[in-house]
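Visitor: I'd like a close look at one charged side chain and its setting. Please start right there and work outwards.

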Number of protein chains: 2
Amino acid sequence: MSTSAESYHHGDLRTALIGAGLSALEGPDGATLSLRGLARTVGVSATAVYRHFPDKRALLAALAGEGLRQLGESQAAAAQAAGGGAKGFAASGRAYVRFALAHPALFRLMFSQGNPADFETRENDLARDLLSEMTLELTGNPVAAERMAHQAWAIAHGIAMLMLDGRLPAEPALIDELLDTDALFFGSTPKAATTTDR
Amino acid sequence: MSTSAESYHHGDLRTALIGAGLSALEGPDGATLSLRGLARTVGVSATAVYRHFPDKRALLAALAGEGLRQLGESQAAAAQAAGGGAKGFAASGRAYVRFALAHPALFRLMFSQGNPADFETRENDLARDLLSEMTLELTGNPVAAERMAHQAWAIAHGIAMLMLDGRLPAEPALIDELLDTDALFFGSTPKAATTTDR
DNA sequence: CCTATAAAGTCAACGCCGTTAACATAGCGC
DNA sequence: GCGCTATGTTAACGGCGTTGACTTTATAGG
């Protein structure tokens, strides 16, 4: 009865806090959201938060979990829209980076927690499951699939992070180019290199 | 005369602060270093810091710059020890990830600043220059070199970050496997999943 | 040599933060 | 109807980054 509609005392504080937290993460200075500030925007005393979360970390973990869920949804939708298969796989990779660029503070939060076990649950782990499924489908080999999953995750995550940090320009064309699995490293080596023409 | 030996009032505070900051970043809870705490360990009043850095961000930027310099050194050393060429390139990639795992808080700090321009200087940008040189040497083509550099950076960075966050196990064998340029994605799989496009 | 000036450091204070303890209130089960 | 428990409040603590007004010290110039 803690997480239902809106009834008793003030409303559903837990849900309200998470909502406020998510929207605070969207604005500028989303990197520095404070427990007190959050309580203020929800219109509640600072210490009321502690009835729903043991401490700030727990609140952040909940936000990260929600972000993870949304990321999984985005990727799944993108993969399906692209018609699955290799196209879908590539689309889910682009969706990963796009999500990071669209929600920088949330994305950073999702990957700066102590240990993922605090908020990675069966339900919000869609992204991970999807990745496993897709690579298995593409390779047909569990061992190769796992390596492919790891490498794909790493490169998408690397691109996302470097762009968020301003180390790489956050241009859509660059995302596509770097994620292009046909052109990875030497894939198109000698002459090819001319792929960039456009 | 602000950054020289050690002479006048207290010593070279700026250098001392950076040293203390770097060593604080090595310990646990290095993620939460405080200006006051740093001043305390150096044996100086909290506000003395402001004679050398306009604010905390500037101090952190200085630490990040120093970290960047060290990272470049590590990579250059590893590349040279491996004899340059493709071997050297692979070695520098491993060194990148190893550095991240060896100095988690420092590495995170290096890649969570607002904009890199604040601390990326000609002298500490060794890592970036090295990467450009190596990929150009390997491809012989400026365009291909740049893409290779971006992709290599992204995958190394992704591996490092995911391991730091506990999303991937931080095992040396896995680092090697994921960085293996010959086995990237479909490199070693038969049918290569035929990504089709293009 | 001695003094003006500016660099380097100190102290007190402000407002914000996360968190704890003690207290108030409202809804539900018996 | 009563008590229990979930939910919320107020007051307070210590720590933080930062500012302003002050003190000390090194050094440069007459």
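Guide: Start with B:Glu73, which is partly exposed at 42% relative accessible area (20% is the upper limit for buried, exposed starts over 50%, and partly exposed is in between, with a 1.4 Å probe and protein chains only). Salt bridges that share partners also join A:Glu66, A:Arg69 and A:Glu73 into one network. A salt bridge here needs a side-chain nitrogen of Lys or Arg within 4 Å of a carboxyl oxygen of Asp or Glu.

Keep in mind that this is a predicted model, where local features need pLDDT of at least 70 and side-chain atom pairs count only at pLDDT 80 or more, while totals for chains, interfaces and linings use all residues. As for bookkeeping, residues are numbered from 1 along each chain as its sequence is written, chains are lettered from A and ligands numbered from 1 in the order in which they are written, and side-chain values use heavy atoms, with hydrogens and water left out.

Back to B:Glu73: its salt-bridge partner is B:Arg69, with the closest N and O atoms 2.5 Å apart. The two residues, B:Arg69 and B:Glu73, sit four residues apart in helix H3 (residues 56–81) of chain B, so about one helical turn separates them. Helices are DSSP runs of H or I with at least four residues, strands are runs of E with at least two, and numbering goes from the N terminus. An α-helix has 3.6 residues a turn, so residues three or four places apart point the same way. B:Arg69 is partly exposed too, at 28% relative accessibility.

Now hop over to chain A. There A:Glu73 and A:Arg69 meet in a salt bridge, 2.6 Å from N to O. These residues, A:Glu73 and A:Arg69, are again four apart in helix H3 (residues 56–81) of chain A, about one helical turn. A:Glu73 is partly exposed at 43% relative accessibility, and A:Arg69 is partly exposed at 27%.

Some bridges leave their own chain. B:Glu120 pairs with A:Arg167 in a salt bridge whose closest N and O atoms are 3.1 Å apart. This pair crosses between chains: B:Glu120 is in the loop between helix H5 (104–110) and helix H6 (126–139) of chain B, and A:Arg167 is in the loop between helix H7 (142–164) and helix H8 (172–179) of chain A. B:Glu120 counts as partly exposed at 22% relative accessibility, whereas A:Arg167 counts as buried at 3%. Over all chains, a search of the whole structure finds 12 salt bridges.

Other charges go without such a partner. A:Glu146, B:Glu177, B:Asp180 and B:Asp182 gather in a surface patch of negative charge. Patches take residues with over 30% relative accessible area and no salt bridge, joining like charges within 9 Å and nonpolar side chains (Val, Leu, Ile, Met, Phe, Trp, Tyr) within 5 Å. One of the patch members, B:Asp182, lies in the segment after helix H8 (172–179) of chain B and is exposed at 61% relative accessibility.

Next, a backbone oddity. Most residues other than glycine have a negative phi. A:Asp29, though, has a positive phi of about 45°, in the loop between helix H1 (13–26) and helix H2 (35–42) of chain A. A:Asp29 is exposed, with 58% relative accessible area. In chain B, phi of B:Asp29 is near 45°, and B:Asp29 is exposed at 58%. Further along chain B, just after H2(B), B:Gly43 takes a positive phi of about 85°.

H2(B) itself has B:Leu35, B:Gly37, B:Leu38 and B:Ala39 as its buried residues, and these pack against H1 and H3 of chain B. For a buried polar residue in chain A, try A:Ser92 in helix H4 (residues 85–102), at 5% relative accessible area. Beyond neighbours within four places in sequence, A:Ser92 is in contact with A:Gln75, A:Ala79 and A:Met134; contact means heavy atoms within 4.5 Å.

Zooming out, chain A has eight helices and zero strands. Buried residues make up 49% of its 198 residues. Among contacts in chain A with a separation of 6 or more, 58% come from residues 24 or more positions apart. The accessible surface of chain A comes to about 9,600 Å², 55% of it belonging to carbon and sulfur atoms, by the Shrake-Rupley method with a 1.4 Å probe.

Definitions and conventions: Lys, Arg positive; Asp, Glu negative; His and termini not counted. Charge placed at Lys NZ, Arg CZ, Asp CG, Glu CD.
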